[in-house]
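User: Please take a close look at one part of this model for me. I would like to see how a single strand is held in place, and then what lies around it.

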Amino acid sequence: MNESTEAAETLVIGIGNDFRGDDAAGLVAARALRSRSLSGCTSFEVCESNGSAFSLMDLWRGRGRVVVIDALDVGSRPGGDILILDGLQGPLPQDAFVLSTHAFGLKEAIDLSRTFSGLPKELIIVGIVGKQFAMGDPLSAGLAHVVQRMVSEWPRCLEVYVPAMNHVQGSKSLKENGNHA
Amino acid sequence: MSDSKTKTIKVNYLARVEGEGALHVRMRKGKVEDVQLKIFEPPRFFEAFLRGRNALEAPDITARICGICPVAYQMSAVHAVEYALGVTVTEPLRDLRHLLYCGEWIESHALHVYMLHAPDFLGFQDAMGMAKSHPKAVQMGLAIKKAGNSIVSVVGGREVHPINVKVGGFHRAPRPSELRTLLEPLQRALAMAVDTVRWVAGFSFPDFDREPEFVALRHPTEYPMCEGRVVSSQGIDIDAVQFDDHFTEIHVPYTNALHSVVKGRGAYLTGPLARFNLNRQRLATTARGLADEVILESVVKNPFKSIVIRSIEIVHALEESIRMIENYREAPASSVPFTLHAGEGAAATEAPRGLLYHRYRLSEDGTILDAKIIPPTSQNQKSIEDDLRDLLPSRAALPKGDLTHLCEQAIRNHDPCISCATHFLRLEIHDVEPSDGTVKP
C-alpha cells in the first residue's frame with residue numbers, strides 16, 4: 001500500500017466537550033489536525049464526536065485505521081501525559097475516559113463493536129491526561145500547549161509509539177519518553 | 001455499638017444515568033429514614049453563561065447542555081425567545097420542528113429502552129452483556145436509534161448538537177427529496193418498534209404503584225411534544241408563561257440541583273408516565289392501538305412500566321415522522337422575519353424525559369438579561385426519592401446487593417439526565433454503625 005492510500009484510509013476522531021475544561025483536548029486536537037490536513041501538510045479524514053458509543057460505532061465501522069483522541073482522567077498520571085492505547089487489545093480502563101453519554105462511551109463502543117463485528121482493522125487511542133473537567137472551565141494552558149505540540153509532530157508521534165502499544169498499565173507516555181513539552 | 005437493624009445503601013456513582021449522581025438511602029428496622037438523591041449538576045452554569053449573550057444565540061448555546069436531548073433545549077429556548085419577540089412560526093416550518101423533536105425522542109427512547117432499562121428486566125449487568133445473549137434485540141435498538149439520528153442529522157444539520165434551528169424557523173429548510181430518503185428506514189424502524197412494545201410489555205414488573213401529581217403539556221389535538229398548556233392530574237391548567245406562578249424551585253442542602261415543586265403541594269412527576277396518563281387519547285393511531293392492547297389500566301401508576309410507555313412513544317414518534325415527511329412541502333422561506341426588542345418570554349416543551357421549561361428576559365437589542373432553565377430531572381428528583389421511600393420498606397429483607405440494584409432500577413425508571421456528558425462508573429456500598437458514625441466498607 002502506498003503512503004497516500006494509507007493516509008486516505010486513516011480516520012481521526014476527536015472526542016470531547018468544549019464546555020468542560022480539559023475534556024475539550026480531543027476536539028481541539030481534531031480541529032488543529034483538520035487545519036493541517038486542509039493546508040496540505042498531511043492528509044487524512046478528521047471528525048469530531050461527543051463520544052457517544054453509537055456515533056463512534058457508525059464512524060469506524062468498515063474503516064481501516066482509526067485514531068481516537070480523547071481526554072483521560074487518570075489521577076496517578078501528570079496532566080499533559082499522552083498515552084497511546086491499542087483499542088483492539090483487551091479492555092480499556094473503566095473510568096479513565098471522561099466523556100460518556102448515558103454511560104455509553106468509547107469503552108462501550110469498542111465492546112459492542114466487537115460483539116457485532118464492527119471494529120475497524122486498527123484502532124489507536126490517543127489519551128491526553130487532563131486535570132480539570134468542571135463545567136465552564138477552559139482548556140488549561142498546559143494542555144493546549146501539549147495538544148499543539150502533538151499536532152505539530154503528527155503523524156510521527158503515532159509512528160514512533162504505535163509499536164509499543166499495550167494496556168493502560170504499560171501504556172507509553174510521550175512525556176516519559178521526552179517527546180512532548 | 002453496632003446496630004444490625006440499620007442498613008445504609010450508598011451508590012456513590014450511578015451507572016446508566018446521564019451525568020453524575022449518587023444515592024444515599026438509610027433504613028432502620030425496615031423503615032426508610034432518609035433518601036437523598038445527590039446530583040452533582042454544574043450549578044446553573046448555563047443560566048449565568050447566557051446572561052449578556054444575544055437571544056439569537058440561546059438555541060445553540062443551550063443545545064450544549066445535554067448530549068442526549070439537545071433538540072429539547074433548542075426547542076424550549078427558541079419558543080421562549082419567539083414568545084418574547086412575538087414571533088409565530090407556521091407550517092411547514094412548525095412541522096419540521098416537530099419532526100426534529102420526534103427524531104430526538106426516537107433516539108433517546110431507543111437508547112433508554114434497549115441499552116439502559118431492558119438489561120434490568122432481563123438480568124444483565126449492562127447492554128454489553130445483553131448484546132451477547134440477545135444480539136438481535138440490541139441490533140434492533142441500534143437500528144431504531146439510528147433512524148432517529150438520521151432525522152436529527154437531516155433536519156438539524158448534524159446528529160450531535162444540531163445547528164440548523166434559529167429564532168423564526170431554520171437556517172435552511174431541507175428539500176422534500178432529502179426527507180424522503182428517511183422514509184424507508186423509518187418504516188422499518190416502525191415495524192421493529194411495534195415488536196418492541198409487545199416485547200417489553202411481557203417483562204416482569206415489580207409490584208409497585210404510586211400516584212404522584214402528574215404534570216405534562218397538553219395540546220388540543222396532538223400528543224404533547226413542542227407545544228401545549230401545562231396541565232396536571234390535580235387540576236393545573238396554565239400557559240407556560242404562568243409556570244413560575246404555580247411551580248417553584250427549592251434548594252436542598254445535599255444536592256446542588258434545585259428541587260422543583262408545585263407551590264403549596266410539593267413533589268410532582270413529569271415524563272412518559274405523566275404524558276401518557278394525561279394524553280393517552282392523543283397518541284397516533286398505531287401507538288394508541290398498541291397502548292390499548294398492552295396497557296389495561298386507565299392510569300399507569302407503576303413507574304417500572306415506564307419502559308412500556310417509552311416504547312409506545314417511539315411508535316408514536318415514528319408514525320408522526322412518517323406522516324410529516326409524506327406531507328412535507330418546502331416552505332417559500334426557511335424562517336419568518338422579526339425584529340429584536342425588549343420582552344420576556346417562557347416556553348415548555350416535552351423532552352424525552354419530561355417537561356423542560358425556559359424563560360428569558362431580553363433588553364431592547366435582544367441581549368439576555370435573565371435566563372431560567374428548569375430541566376425535567378430537577379422536576380422529577382423529589383418524586384424519584386418518594387418512589388424509593390415507598391418502594392423499599394416492603395423489600396427491606398432483600399440482600400443488600402439486590403436492594404441496591406432495585407434502587408438503581410427505580411431511578412432508571414425516570415431516565416434521569418443529571419448533567420451532561422460526564423459520568424464515573426463507581427459503585428460503593430457501606431454499612432454504617434450509627435452509634436459512632438463509623439463507616440465500614
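The part I mean is strand 6 of chain B, and the questions follow. Which strands pair with strand 6 of chain B, and in which sense? Is Leu217(B) buried or exposed? Which residues does Leu217(B) touch? Please then go on to the sheet of strands 12, 13 and 14 of chain B, and to the helices.

Analyst: Keep in mind that this is a predicted model.

Start with strand 6 of chain B, which covers residues 213-218. Strand 6 has a parallel partner, strand 11 (residues 268-269) of chain B, joined to it by 2 bridges. Within that pairing, Phe214(B) is bridged to Leu269(B). Strand 6 also pairs with strand 7 (residues 229-232) of chain B. That pairing is antiparallel and has 4 bridges. Here Val215(B) sits opposite Ser232(B). In general, strands of a sheet pair through backbone hydrogen bonds, in either sense.

Now Leu217(B), which belongs to strand 6 of chain B. Leu217(B) has 24 other C-beta atoms within 10 Å, so it counts as buried; the cut-off is 20 or more. Leaving out residues up to four places away in sequence, Leu217(B) touches Pro224(B), Gly228(B), Arg229(B), Val230(B), Ala348(B), Glu350(B) and Leu355(B). Take Glu350(B) from that list. Leu217(B) and Glu350(B) are 133 residues apart along the chain, yet their C-alpha atoms are separated by 7.0 Å.

Those contacts lead to the next sheet. Strand 12 of chain B spans 343-351, and strand 13 of chain B spans residues 354-362. Three strands make up this open sheet, in the order 12-13-14, with antiparallel pairing. Strand 12 and strand 14 (368-374) of chain B are the edges, each pairing on one side only. On average, neighbouring strands here are turned by 10 degrees against each other, direction ignored. Strands 12 and 13 of chain B share 9 bridges. One bridge pair is Ala351(B) with Gly354(B). Helix 13 (residues 376-391) of chain B lies across strands 12, 13 and 14 of chain B. Helix 13 runs at about 130 degrees to strand 13 of chain B.

Next, a helix pair in chain B. Helix 3 (residues 70-85) and helix 4 (residues 93-122) of chain B pack at an angle of about 150 degrees, their axes 8 Å apart. Helix 3 of chain B is therefore roughly antiparallel to helix 4 of chain B, since angles over 145 degrees count as such. Their crossing is left-handed. From helix 3 of chain B come Val71(B), Ala72(B) and Met75(B); helix 4 of chain B supplies Arg97(B), Leu100(B), Tyr101(B) and Glu104(B). By class, this contact has 5 nonpolar, no polar and 2 charged residues.

Last, the other chain. Chain A has 6 helices and 6 strands. Of its 181 residues, 50% count as buried. Helix 4 (residues 106-115) of chain A has 8 of its 10 residues buried, so it is largely enclosed by the rest of the structure. Lys107(A), Glu108(A) and Asp111(A) are among the buried residues. The buried residues of helix 4 of chain A pack against strand 1 (10-15), helix 3 (53-60) and strand 3 (65-72) of chain A, and against helix 5 (127-133) of chain B. Just after helix 4 of chain A, Ser117(A) adopts a positive phi of about 55 degrees.

Methods. Residues numbered from 1 in each chain as written. Chains lettered and ligands numbered in written order. Predicted model: local features only at pLDDT ≥ 70, side-chain atom pairs only at ≥ 80, totals over all residues. Axes fitted to C-alpha atoms, helices over the stretch in contact; angles between N-to-C directions. Parallel < 35°, antiparallel > 145°, perpendicular 65-115°, else oblique. Left-handed = near helix turned anticlockwise from the far one by under 90°. Contact = placed C-beta atoms within 7 Å. Nonpolar A, V, L, I, M, F, W, Y, C, P; charged D, E, K, R; others polar. Pairing = 2+ DSSP bridges. Buried ≥ 20, exposed ≤ 12 C-beta atoms within 10 Å, placed from the backbone.
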